[in-house]
Amino acid sequence: MQVPIVIQAPDEKINLGEVDLQTITSTQRLARALKALAVCWILAVASVVIPIIHFVSVPLLFLAGPVVAYFFYRPNQLIAKGTGLCPSCQKPLVLENVSAEWPVKVFCTACRTDLNIRLKI
Ligand SMILES: [Zn+2]
């Protein structure tokens, strides 16, 4: 489903764009959350071999796993693909597999500006 969006920079400049929204089923959301949890816990186990750092990394990654999983479970829509120009530098934004929780906050990799994306009503 293609929907129009408004991309807004902190200095109130705006550009228009379009995103392809994809609804995620609860099964897909659970799979995404479990994958995120697995990545965190695998990194926790893998970091056991790093001297000194493992005192912090292992408990931190172990505890971060459920938190990261929650953020991957929460959205029920994804921006599968989107097009639009950064209002600050006019370069194309890369919008792929971004959680669609409005307003969506993205980061322009060209000019390092934080951008807000909202649905155009
Ligand atoms: Zn930019």
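**Note on a predicted two-domain chain**

1. Along strand E5 the side chains alternate, in that Val104 and Val106 point to one face and are buried, while Lys105 and Phe107 point to the other face and are not buried. In a regular strand, the side chains alternate between the two faces of the sheet. The model under discussion is a predicted one, and the remarks below should be read with that in mind.

2. The pairing of E5 can be followed residue by residue. E5 and E6 run antiparallel and are joined by 4 bridges; within this pairing, Val106 has Leu115 of E6 as its bridge partner, and Phe107 stands opposite Asp114 in E6. The hairpin formed by E5 and E6 has 6 residues between the strands, and in it Arg112 takes a positive phi near 60°.

3. Strand E6 also pairs with E1: these two strands run antiparallel and are joined by 4 bridges, with Gln8 standing opposite Asn116 in E6.

4. Which residues have the most contacts inside the largest nonpolar core? They are Ile79, Val98 and Val106, in a core of 15 residues. At least two residues of this core are supplied by each of strands E1 (2-8), E3 (77-84), E4 (95-99), E5 (104-107) and E6 (114-119). Val106 thus appears both in this core and on the buried face of E5 described at the outset.

5. The surroundings of Ile79 deserve a separate look. When neighbours within four places in sequence are left aside, Ile79 is in contact with Val19, Leu21, Leu95, Val98, Ala100 and Val104; of these, Val98 is itself named with Ile79 among the core residues with the most contacts, and Val104 is one of the buried residues of E5.

6. On the level of the whole chain, the secondary structure comes to 2 helices and 6 strands, and the order of elements from the N terminus is β-β-α-α-β-β-β-β. The chain is divided into domain 1, made of the two segments 1-24 and 76-121, and domain 2, which covers 25-74; the centres of the two domains, taken over C-alpha atoms, are separated by 27 Å.

7. The overall dimensions should be considered together with this division. The chain has a radius of gyration of 18 Å, whereas a compact globule of 121 residues would have one near 14 Å, and the C-alpha trace spans about 50 × 35 × 15 Å along its principal axes. Of the 121 residues, 21% count as buried. Among contacts between residues at least 6 apart in sequence, 53% join residues at least 24 apart.

8. His54 offers a contrasting environment, with its place in helix H2 (residues 54-73). Is His54 buried or partly exposed? His54 is partly exposed, because 15 other C-beta atoms lie within 10 Å, and a residue needs 20 or more to be buried. Not counting residues up to four places away in sequence, His54 touches Ser47 and Val48. The C-alpha atoms of His54 and Val3, which are 51 residues apart along the chain, are separated by 45 Å.

Methods: Residues are numbered from 1 along each chain as its sequence is written. This is a predicted model: local features need pLDDT of at least 70, side-chain atom pairs count only at pLDDT 80 or more; totals for chains, interfaces and linings use all residues. A nonpolar core is a set of buried Ala, Val, Leu, Ile, Met, Phe, Trp, Tyr and Cys residues joined through C-beta atoms within 7 Å. A residue is buried if 20 or more other C-beta atoms lie within 10 Å of its own, exposed if 12 or fewer, and partly exposed in between; C-beta atoms are placed from the backbone. Two residues are in contact if their C-beta atoms, placed from the backbone, lie within 7 Å. Domain bounds come from an automatic or database domain assignment. Two strands pair if DSSP finds at least two bridges between them. The radius of gyration is taken over C-alpha atoms; the globule rule is 2.2 Å times the number of residues to the power 0.38.
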